[in-house]
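Visitor: I'd like to learn how to read a model like this one. Could you walk me through it?

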Amino acid sequence: MSQPAIAQKISPTSLRTQARVIDAVVDVVAQCGISGTTFANVSATAGVSQGALVFHFKTKEGLLTETLSRMLQEYEQAWSAAFALPDPLSRILGLVQADFKPSICNRKKLALWFSFWGEAGAQPLYKKICVEAEDARHQAMLSTCRELVQTTGGPDPVLLTNSIDAFTDGLWLQMHIQSQPITRTEALESALAHLRLLIPHHAEHI
């Protein structure tokens, strides 16, 4: 993960200001996309001056990079909690369920994820941050699937991992772009039903 664009020693007031600004960026990107996000509309949404944005984040790229880093850190905290669970099946379920937590999977956050992913090809820094975060999440699922297969048998763990993650990505896309998107609850139910198909001998515990 890249180093934050903000100073390391900051006051509580500055922390609150930064948090408000990050929330505003999520709102603005959801409405305007990355290209339409400016210091002007972020400052208006956050209720802070453009000077405060320059002080804390220096540039629009610094502001967007910090927002992406914080969103990915929030996501990592959500899925890494699964590793406190006692067995590999529970951890797989925890990893899947983390993808549909309200704090991670909501209309504004999905708009932000897809906006950054769309820019990653043209913005090496965004790509680097996204790839590092996605690789960590992928390796977490892969190691857990390997443990499950070694313990109880099942399909090839690489194929199992890719199937789980690809299906979740597809559900996120449906939630983001369909004219009548499925709800978060419906998406999670679909993900769990898919998992029961992938590992039928564990279906009664899913």
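Guide: Let's go from confidence to fold, and then to a few residues. Keep in mind that this is a predicted model.

Visitor: Then let's begin with confidence. What is the mean pLDDT of the chain?

Guide: Take the average and then look for local dips. Here the mean is 90, and 94% of the residues reach 70 or more. The dip to note is residues 1-7, where pLDDT stays under 50. The model still has 20 contacts beyond four places in sequence for that stretch.

Visitor: And the fold? How many helices and strands does the chain have?

Guide: Count the elements, then read their order. This chain has nine helices and zero strands, so the pattern along the sequence is simply α-α-α-α-α-α-α-α-α. The C-alpha atoms fill a box of roughly 60 × 40 × 30 Å along the principal axes.

Visitor: What share of contacts joins residues at least 24 apart?

Guide: Look at pairs at least 6 apart in sequence: 68% of those contacts join residues at least 24 apart.

Visitor: Now the inside and the outside. What percentage of the residues counts as buried?

Guide: Of the 206 residues, 43% do. On the outside, the chain exposes about 10300 Å², with carbon and sulfur atoms supplying 55% of that. For charge, compare the two sets of side chains: there are 17 positive and 19 negative ones, and the centres of the sets lie 9 Å apart.

Visitor: Which residues touch the most other members of the largest nonpolar core?

Guide: That core has 56 residues, and the ones to pick out are Val-21, Val-42, Phe-100, Trp-113 and Ile-164. Follow Val-21 outward, skipping neighbours within four places in sequence, and you reach Val-42, Ala-46, Val-48, Leu-53, Phe-57 and Leu-63.

Visitor: Let's try a charged residue. Why does Arg-137 count as buried?

Guide: Check the relative accessible area against the cut-off, which is under 20% for buried. Arg-137 has 2%, so it counts as buried. This arginine lies in helix α7, residues 124-152. Beyond its sequence neighbours within four places, Arg-137 is in contact with Tyr-75, Trp-79, Leu-95, Asp-99 and Asp-165.

Visitor: And Leu-142, buried or exposed?

Guide: Buried, because its relative accessible area is 8%. Leu-142 also lies in helix α7. Leaving aside neighbours within four places, Leu-142 is in contact with Pro-157, Val-158 and Thr-161.

Visitor: How far apart in space are Leu-142 and Val-131?

Guide: Set sequence separation beside spatial distance: the two are 11 residues apart in sequence and 16 Å apart, C-alpha to C-alpha.

How values were computed: Residues are numbered from 1 along each chain as its sequence is written. This is a predicted model: local features need pLDDT of at least 70, side-chain atom pairs count only at pLDDT 80 or more; totals for chains, interfaces and linings use all residues. Side-chain values use heavy atoms; hydrogens and water are left out. Helices (H or I, at least four residues) and strands (E, at least two) are DSSP runs, numbered from the N terminus. Buried means under 20% relative accessible area, exposed over 50%, partly exposed in between (1.4 Å probe, protein chains only). Contact means heavy atoms within 4.5 Å. Accessible areas come from the Shrake-Rupley method with a 1.4 Å probe; for residues, only the protein chains shown count as cover. Lys and Arg count as positive and Asp and Glu as negative; His and the chain ends are not counted. The place of a charge is taken as NZ of Lys, CZ of Arg, CG of Asp or CD of Glu. A nonpolar core is a set of buried Ala, Val, Leu, Ile, Met, Phe, Trp, Tyr and Cys residues joined through side-chain atoms within 4.5 Å. pLDDT is the predictor's confidence in each residue, from 0 to 100.
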